[in-house]
Amino acid sequence: MSETSELRLEAASRTDIGLVREQNEDAFGEASGPAGRLFVVADGMGGHAGGATASRLAVETIAQAFFDASGPLPVRLRAAVETANQRIHHQARRDASLAGMGTTAVALVIEGSRAWIANVGDSRAYRLRGRDFEQLTRDHSVVAELVRRGLLTAEQARVHPRRNEVLRSLGSWPDVDVDVDELDLVPGDVLLLCSDGLSGVVDDDAIAAFLTAESVADAAQALIEAAIGQGAPDNVTVQVVRVSDR
Ligand code: CA
């Protein structure tokens, strides 16, 4: 890696149970190694201990499998998410109290001035570049499909009764289809990973505005508070990563 491609990263993560749920089934993690810096947000589902177990297993397994593997980075990232799927699926079948558990996962790996994002479910990655705020991931959800087919608007999707139904998740099936995308980074970019406890209740313009906060810690805290200000019907998790020159 050349010196010019080296970017400085500042990151802050926050999670909150919200105002309605009895437990926090979201999980997040951050890890670094020679192969780059990894961030993961997972949003578990499946009652009792299942949801929290699935999201924790996803975060742990993706980080471990990614840094243990060799080969091209996007291949390792995809394989790490597939390994997490198998591990969660296996646990769910082995332990009756965890039957039916599953989780979303969105993982970001940054190496030099390049980044890769892996996504399963409806947790999201966004990038703020100047005034351009862009959702980097495609939701694998019932309502996102309806929006893509022109049958719902984004605003209708936000309050739709099926808004929590995901079409892909880790753990539900023996195999999973993982989206992996590559993007470039420039100094000034701010990346956000979040669960739908944020993106489902705080609109994009507001999220983008909070990401311009003085520090990543302030931005993460402001996002959590914004979700709480909207009643926080779900667990809410955010990871904010700011890219700057070294
Ligand atoms: Ca959620």
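**Notes on the calcium site, pockets and cores**

1. Let's start with the metal. The calcium ion is held by D43, which gives two OD donors, along with one OD each from D196 and D234, at 2.2 to 3.0 Å. Keep in mind while reading that this is a predicted model. Along the chain, the donors are spaced D-x152-D-x37-D. D43 sits in strand β3 and D196 in helix α5, so this pair ties together parts of the chain that lie 153 residues apart in sequence. Both D43 and D196 are buried.

2. A closer look at D196 is worthwhile. This aspartate belongs to helix α5, and its relative accessibility is 14%, which is why it counts as buried: the cut-off is under 20%. What does D196 touch, once neighbours within four places in sequence are set aside? The list is D43, D122, N164, V201 and D234. Two of these, D43 and D234, also turn up among the calcium donors. As for N164, it is 32 residues from D196 along the chain, and the two C-alpha atoms are 8.5 Å apart.

3. Next, the largest pocket. Its volume comes out at about 620 Å³. The lining counts 26 residues, and the ones nearest the centre are R124, A157, R158, S199 and G200. How does that lining divide by residue type? There are 11 charged residues, nine nonpolar and six polar.

4. Which elements build that lining? At least two residues each come from β7 (124-129), α3 (142-148), α4 (154-159) and α5 (196-199). Helix α4 gives the most, with five residues. Note that α5 is also the helix that holds the calcium donor D196.

5. Two residues from those helices are handy to compare. Q156 is in helix α4, and with 41% relative accessibility it counts as partly exposed. V142 is in helix α3 and is buried, at a relative accessible area of 10%. If you want distances between the two helices, Q156 and V143 are 8.9 Å apart, C-alpha to C-alpha, with their positions 13 residues apart in sequence. For V142 and A154, which are 12 residues apart along the chain, the C-alpha separation is 12 Å. Not counting residues up to four places away in sequence, V142 touches R162, E165 and L167.

6. The second largest pocket has a volume of about 210 Å³. It is lined by 14 residues, with E6, L7, L9, I110 and G112 lying nearest the centre. The elements giving two or more residues here are the strands β1 (7-16), β2 (26-33), β3 (36-45) and β5 (105-111). Strand β1 gives the most, with three residues. By type, the lining splits into five nonpolar, five charged and four polar residues.

7. On to the packing. Nonpolar side chains tend to be buried together in soluble globular proteins. The largest nonpolar core in this model has 32 residues, and L38, I62, L77 and L170 have the most contacts inside it. β3, α1 (50-68), α2 (73-94), β5 and β6 (114-120) each supply at least two of its residues. The largest share, eight residues, comes from α1. Strand β3 therefore has a part in this core as well as carrying the calcium donor D43.

8. L77 is a good residue to click on if you want to see that core. Leaving out residues up to four places away in sequence, L77 touches L38, F66, A107, V109, W116, I117, A118 and V180. Apart from this core there is another, of 23 residues, including L198, L223, A226 and V240.

9. One backbone oddity to finish. Most residues other than glycine have a negative phi. A232 is not a glycine, yet its phi is positive, at about 30°. Where does A232 sit? It is in the loop between α7 (216-229) and β11 (236-245). At 0% relative accessibility, A232 counts as buried.

Note on methods. Residues are numbered from 1 along each chain as its sequence is written. This is a predicted model: local features need pLDDT of at least 70, side-chain atom pairs count only at pLDDT 80 or more; totals for chains, interfaces and linings use all residues. Side-chain values use heavy atoms; hydrogens and water are left out. On a 1 Å grid over the protein atoms alone, a cavity is a set of points where a 1.4 Å probe fits but cannot get out, and a pocket is an open set with protein on both sides within 12 Å along at least five of seven lines; lining residues have an atom within 4 Å of a point. Grid points are joined across faces, edges and corners, and a volume is the space filled by probe spheres set on the points. Helices (H or I, at least four residues) and strands (E, at least two) are DSSP runs, numbered from the N terminus. Ala, Val, Leu, Ile, Met, Phe, Trp, Tyr, Cys and Pro count as nonpolar, Asp, Glu, Lys and Arg as charged, and the others, Gly among them, as polar. A nonpolar core is a set of buried Ala, Val, Leu, Ile, Met, Phe, Trp, Tyr and Cys residues joined through side-chain atoms within 4.5 Å. Buried means under 20% relative accessible area, exposed over 50%, partly exposed in between (1.4 Å probe, protein chains only). Contact means heavy atoms within 4.5 Å. Donors are N, O and S atoms within 2.8 Å of the metal (3.2 Å for Na, K and Ca); water is not among the atoms, so sites may look incomplete.
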